[in-house]
Every structure is written in structure tokens, then in C-alpha cells.
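Thanks, everyone. I will go through one model, a few residues and helices at a time. Please have the viewer open.

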Amino acid sequence: RTILHLGRLHPKKGIDRLVTAWSQIAAQFPDWWLRIVGPSELGYRAVLERQIERLGAPRVILDGPLYGADKWNAYREAGLFVLPTLDENFGMVVAEALAASVPVICTKGAPWKGLEIEHCGWWIDHGSDAMEAALETALLSSDAARTQMGVKGRAWMYRDFGWEGIASQMAEVYA
């Protein structure tokens, strides 16, 4: 029962909005934790630590960066992945989370409209209110529903981003 954010700790990632939203709903979900993982840039970890303390946000873990097997274990141990970014050209962490069968909440700052089309997550507007609503919806969903979303996300990643899918797309381009 972990909500995972994995990536650079940087203001453009919108993590402050995730923390604000979590602080508003955490009491409703006492068996869930928010885990924020990644290297701090521009001293942003300290900013987040102060925000967490100021808001009294419970059950928040701030971890440094993870690589290799440790990173993939973090994905596999998560019940939900969140990318609250302000702007991304792709957002590889979304693809990684989906490949690990984890449903995703992602803001419209990244091009992941397919989360809704493929029924494997939520593609939401910016802001802590939208994040709060999406978190609440996701956490109120049954474990089975979230698991099914993860299965759909993994299938989507395999179909469209696996080597077979890429090879097929390239063959079409050359044809």
C-alpha cells in the first residue's frame, strides 16, 4: 500500500502538489504510505521536508535515488505510481511503472492520455485539487481493480513500446 513518486526532486515535477493532496486525504487511508524517491536538485528535498512538516502530512518517506534492481523493486512494491509533473516531453517513469504493472496517475503536463484510453490510470489536470480527487478515486478502488489496471498497463507497454511493436511500426514506416 504505497503511492510511489520516482524521479528527480525538482520544482518542475510538481511534487509539492502531490504532498498537499496527500496531506488532505491521508487520514482516510491509514494503511497507505507516500514514498518519494529520487535525487534532490536545487535543494528541493529540504523544501519538501519543510512542506511535509508544515502540513503535518503523515506517512511520507523521502528516499534518495534508486537504480537497477532496487528501482524495479520500488515499482513492484507500489500500489500506485504518481507523476504530478508540470511539463515532460515523455515521462519514462510512467512507462516503467506501467511495465511493472502499476496503475498511474499523471498530470496533463506529460503526454499520457493513453492512461485513460487503455484503462490503466488517470490523466489529470494540474493542481492539488485534481490530484486529491484522483488519489481518492484510485485509493477507493478495490485492490482487484487496481491490479487489473496494472495488467492493462503492462499489456499496453508491451504492445506499443516493446521490441515487437517498435519493429512493426518501423516496418510500416519503411513500407
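I start with K13, which is buried at a relative accessible area of 9%. Note that this is a predicted model, so please hear every value in that light. In the chain, K13 sits in the loop that joins strand 1 to helix 1.

What does the side chain of K13 make a polar contact with? The partner is the side chain of E88, at 2.5 Å. Setting aside neighbours within four places in sequence, the residues in contact with K13 are R8, P84, T85, L86 and E88.

Next is D16, which belongs to helix 1. Is D16 buried or partly exposed? Its relative accessible area is 30%, which makes D16 partly exposed, because buried would require a value under 20%. Again leaving out neighbours within four places in sequence, D16 touches Y44, L48 and Q51. Take L48 from that list: D16 and L48 are separated by 32 residues in sequence, yet their C-alpha atoms are 6.7 Å apart.

Now the helices, beginning with helix 3, residues 68–77. Its buried residues are K71, A74 and Y75. Looking down the axis, these residues fall within an arc of 100°, so they line one face of helix 3. On the face turned away from that buried side are the exposed residues A69, R76 and E77. The cover over the buried residues of helix 3 includes strand 1, strand 2 (33–37), strand 4 and helix 4 (92–99).

Helix 6 can be read in a similar way. It runs over residues 128–140, and its length can be checked: 13 residues at 1.5 Å a residue should span 18 Å, because the expected span takes one less than the number of residues. The end C-alpha atoms of helix 6 are 18 Å apart, which agrees.

Which residues of helix 6 are buried? They are M131, A134, L135, A138 and L139. These residues cover an arc of only 125° around the axis, and therefore lie on the same side of helix 6. D129 and L140 are exposed, on the face of helix 6 turned away from the buried side. As for what the buried residues of helix 6 pack against, the list is strand 1 (2–6), helix 1 (15–25), strand 4 (80–83), strand 5 (104–107), strand 6 (121–124) and helix 7.

That brings me to a helix pair. Two packed helices are described by the angle between their axes and the distance between the axes. For helix 7 (residues 143–161) and helix 8 (residues 163–174), the axes come within 4 Å and cross at roughly 35°. Helix 7 contributes Y158, R159, D160 and F161 to the contact, while helix 8 contributes W163, E164, G165, I166 and Q169. By type, the residues of this contact are four nonpolar, two polar and three charged.

Last, some backbone angles. Most residues other than glycine have a negative phi. R59 is not a glycine, yet has a positive phi of about 55°. R59 is placed in the loop between helix 2 (44–55) and strand 3 (60–63). S101 also has a positive phi, near 70°, and is likewise a residue other than glycine. The loop in question for S101 runs between helix 4 and strand 5. With a relative accessible area of 30%, S101 is partly exposed.

That is my list. I will take questions now.

Conventions. Residues numbered from 1 in each chain as written. Predicted model: local features only at pLDDT ≥ 70, side-chain atom pairs only at ≥ 80, totals over all residues. Heavy atoms only, no water. Axes fitted to C-alpha atoms, helices over the stretch in contact; angles between N-to-C directions. Helix = DSSP H or I, 4+ residues; strand = E, 2+ residues; numbered from the N terminus. Contact = heavy atoms within 4.5 Å. Nonpolar A, V, L, I, M, F, W, Y, C, P; charged D, E, K, R; others polar. Buried < 20%, exposed > 50% of the residue type's maximum accessible area, 1.4 Å probe, protein only. Arc of directions from axis to C-beta. Polar contact = N/O pair within 3.5 Å; in protein donor to acceptor, adjacent residues only side chain to side chain.
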